[in-house]
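Open the model in your viewer and keep the selection box handy. We'll start with the whole chain and then go in on a few side-chain clusters.

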Amino acid sequence: MTKTIEITQKDGVVLVRLNRPKQLNALNMELKNEILAELPKLDKDPSVRCFVLTGNEKAFAAGGDIKEMSVLSYAKAAAEDYFSDWDVFVNMRTPKIAAVNGYALGGGCELAMMCDFIIAGEGAQFGQPEIKLGIIAGMGGSQRMTKLIGRAKSMDMHLTGRMMPADEALACGLVARVVPDDQVLENALAAGVQIAAYSKPVTALVRDVVNRADETSLAEGLFFERRVFHSLFSTEDQKEGMNAFIEKRKPNFKDK
């Protein structure tokens, strides 16, 4: 029985709700461990086609758990490679959507950026305020944010610790969509259902090719994309998808 997250599944979409409301869903070790224990198992489940991560109306997650981190020593943090186990979540191949209301700060902003895209409410606030605590981002915030919004904006966010409102986050590419606050989860779940209807191997490969763009030159990325594109003509789902289009019917993908 999980305590700090709530998991429900419907129509191939797994909704993961962070559930530490009194702490504004701060990411403590228990919450992290529950995510890393439960979600990778679901990632391997053929019936799971998309994840939607959310918090509550006040906060997606307002950061890491400061009380836990305050007692860390350099030796302990380095020896445990603190935060490196979040890579397990990042490397899950099932698409992940972050549905953000309220605060997504520090580790909360970093967790949202670990997802494949973010749908935010009009009142959402994003930030990396670690500098105010005498530290820097440790879950990838300086790297992912810079790739998403560019060096100048990222420097601004990390050096000042200011919060970025949803409209600015949309304009600079941090989030994919901004919708009314009371429609965030509805929109995220609808996107999840749409993704869940597609071939699961293909959605995993979409993630691979788009993420490759961050890591390679344009020429290498184009080569990788073409080879993946070519490979899909060996699948039953390619035949089904194209035949369904020609026959003007809905495709019935088999993940083969």
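Here is the tour, stop by stop.

Before you click anything, know that this is a predicted model: local features need pLDDT of at least 70 and side-chain atom pairs count only at pLDDT 80 or more, while totals for chains, interfaces and linings use all residues. Numbering runs from 1 along each chain as its sequence is written, and side-chain values use heavy atoms, with hydrogens and water left out.

**Whole chain**

Show the cartoon. You're looking at twelve helices and ten strands, where helices (H or I, at least four residues) and strands (E, at least two) are DSSP runs numbered from the N terminus. The radius of gyration is 19 Å, close to the 18 Å from the globule rule for 256 residues, so the protein is as compact as a globular protein of that length. That radius is taken over C-alpha atoms, and the rule is 2.2 Å times the number of residues to the power 0.38. Along the principal axes, the C-alpha atoms fill a box of roughly 60 × 45 × 40 Å.

Now switch on the surface. About 13700 Å² is exposed, with carbon and sulfur atoms supplying 58% of it (Shrake-Rupley method, 1.4 Å probe; for residues, only the protein chains shown count as cover). Of the 256 residues, 42% count as buried; buried means under 20% relative accessible area, exposed over 50%, and partly exposed in between (1.4 Å probe, protein chains only).

**Aromatic stops**

Select Trp-86 and Phe-89. Their ring centres are 6.2 Å apart with the planes at 90°, so this pair is edge-to-face. The rule: rings of Phe, Tyr and Trp (its six-membered ring) pair if their centres lie within 6.5 Å, with planes under 30 degrees apart counted as stacked, over 60 as edge-to-face and the rest as tilted. Both Trp-86 and Phe-89 are buried. Add Lys-96 to the selection, and you'll find its charged end over the ring of Phe-89, 5.3 Å from the centre. For that label, NZ of Lys or CZ of Arg must be within 6 Å of the ring centre and within 35 degrees of the ring normal.

Jump to Arg-212 for another case: its charged end sits over the ring of Phe-224, 3.9 Å from the centre.

**Salt bridges**

The model has twelve salt bridges, each a side-chain nitrogen of Lys or Arg within 4 Å of a carboxyl oxygen of Asp or Glu.

Pick Arg-20 and Asp-65, bridged at 3.3 Å, N to O. Which parts of the chain does this pair link? Arg-20 is in the loop between strand S2 (13-18) and helix H1 (29-43), and Asp-65 is in the loop between strand S4 (59-61) and helix H2 (66-70), 45 residues apart. Both Arg-20 and Asp-65 are buried.

Slide along to helix H1, where Lys-41 and Glu-38 lie three residues apart, about one turn of the helix. Their side chains meet at 3.6 Å, N to O. Lys-41 is exposed at 53% relative accessible area, whereas Glu-38 is partly exposed at 28%.

Last stop: Lys-153 and Glu-168, with a bridge of 2.5 Å, N to O. This one connects helix H7 (residues 151-160), home of Lys-153, with helix H8 (residues 166-172), home of Glu-168. Lys-153 is partly exposed at 30%, and Glu-168 is buried at 17%. Widen the selection to take in Asp-156 and Arg-162: salt bridges that share partners join them with Lys-153 and Glu-168 into one network.
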